[in-house]
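Here is a short tour for anyone who likes to read a fold with the model open alongside. Please take a look at the structure below, and then we will walk through a few of its features together.

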Amino acid sequence: MNYPTWDVPIIGSVWVIGLIAIFHVMISQFAVGGGLYLALAERKARKEGRDDWLEVIRRHSKFFLIVTGVFGAVSGVGIWFSIGLASPESTSALIHNFVFGWAMEWCFFLVEIATATVYYYTWDRVDAKTHQNLAWIYAISSYFTLVIINGILTFMLTPGDAWLAVAGTGQEASRFWSAFFNPTYWPSLVLRTLVCSSLAGVWALITASRINGNEAGAALKAEVLRWSTRWLMPSFLLMPVAFLWYLYAVPD
């Protein structure tokens, strides 16, 4: 089948995908790391009996819901729209080869979006244990979306010899797992997990910096900022190692 060419003046169609993808990745990976941040932050606050921390987390969860649920979802649709126009044959190959992978990812994404909404709107409406369980359900489901989408994204860069051996024969779907667990799957998953952690800390610093008030408010602000900066440390220390592992895994 011949597809029409989508010509974007000056920047080209590829840059349209890139610009939308950069924006989307900044939010989607925050959605993964931020979910774990909320779960652990609420666990810490309830364990220590800190009502002031719970109020901070509540405000952060509202910011989290708006950014991930609105901007993240809309930019995700934008990626599908742009790649479908810029590279329809490649998009078709991704859909046909990973149809069940996409189905699993979308199921987890549905749970993720629903849980994020319920989590915010059930503050002070359900008991503490139930509310914390909602946070953990969100954190786990959002991480599984990363686990699945990582396999598809790394496939586009390093499809692997097993899949390439049947490419163009109509048997590509029979190499689903070989394509999914491609040569760069594991180093990329580690690298993306570290990025998720760092973005959770970065966005938390933004909301924590808006804490105002008296001397007690200043002390609370310092505590939250100090705790949030710890989310940046794993990335600073381990990301270079993960990146070298990724480069080593890329086939010659």
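## The largest pocket

In this predicted model, six helices each contribute at least two residues to the lining of the largest pocket: H1 (12-48), H2 (51-86), H3 (88-97), H4 (99-121), H5 (128-157) and H8 (185-208). Helix H1 supplies the largest share, with 11 residues. The volume of this pocket comes to about 970 Å³.

Altogether 39 residues line the largest pocket, and if you would like to find its centre, look for His24, Gly76, Ile79, Trp80 and Ile149, which lie nearest to it. Sorted by class, the lining holds 25 nonpolar, 11 polar and 3 charged residues.

## Salt bridges along helix H1

The structure contains 6 salt bridges. One of them joins the side chains of Glu42 and Arg46, with an N to O distance of 2.7 Å. These two residues are separated by about one helical turn, because they sit 4 residues apart in helix H1. Is Glu42 buried or exposed? Its relative accessibility is 0%, so Glu42 counts as buried. Its partner Arg46, by contrast, is partly exposed, at a relative accessible area of 28%.

Helix H1 also carries Lys44 and Glu48, again 4 residues apart and about one turn of the helix from each other. Between Glu48 and Lys44 there is a salt bridge whose closest N and O atoms are 3.0 Å apart. Glu48 is partly exposed at 44% relative accessibility, and Lys44 is partly exposed too, with a relative accessible area of 22%.

## Helix H2 and a small network

Moving on to helix H2, you will find Glu55 and Arg59 placed 4 residues apart, about one turn of the helix. A salt bridge links Arg59 with Glu55, and here the closest N and O atoms are 3.8 Å apart. Arg59 counts as partly exposed because its relative accessibility is 44%, and Glu55 is partly exposed as well, with a relative accessible area of 38%.

Another group worth a look is Arg50, Asp52 and Glu223, which are joined into one network by salt bridges that share partners.

## A serine in helix H10

Our last stop is Ser235, which lies in helix H10 (residues 233-249). Its relative accessible area is 3%, so Ser235 is buried. Which residues does Ser235 contact, leaving aside its neighbours within four places in sequence? The contacts of Ser235 are with Leu194, Val195, Ser198 and Pro240.

Definitions and conventions:
Residues numbered from 1 in each chain as written. Predicted model: local features only at pLDDT ≥ 70, side-chain atom pairs only at ≥ 80, totals over all residues. Heavy atoms only, no water. 1 Å grid on protein atoms, 1.4 Å probe; cavity = no way out; pocket = protein on both sides within 12 Å on 5 of 7 lines; lining within 4 Å. Points joined across faces, edges and corners; volume = space filled by probe spheres on them. Nonpolar A, V, L, I, M, F, W, Y, C, P; charged D, E, K, R; others polar. Buried < 20%, exposed > 50% of the residue type's maximum accessible area, 1.4 Å probe, protein only. Contact = heavy atoms within 4.5 Å. Salt bridge = Lys/Arg side-chain N within 4 Å of Asp/Glu carboxyl O.
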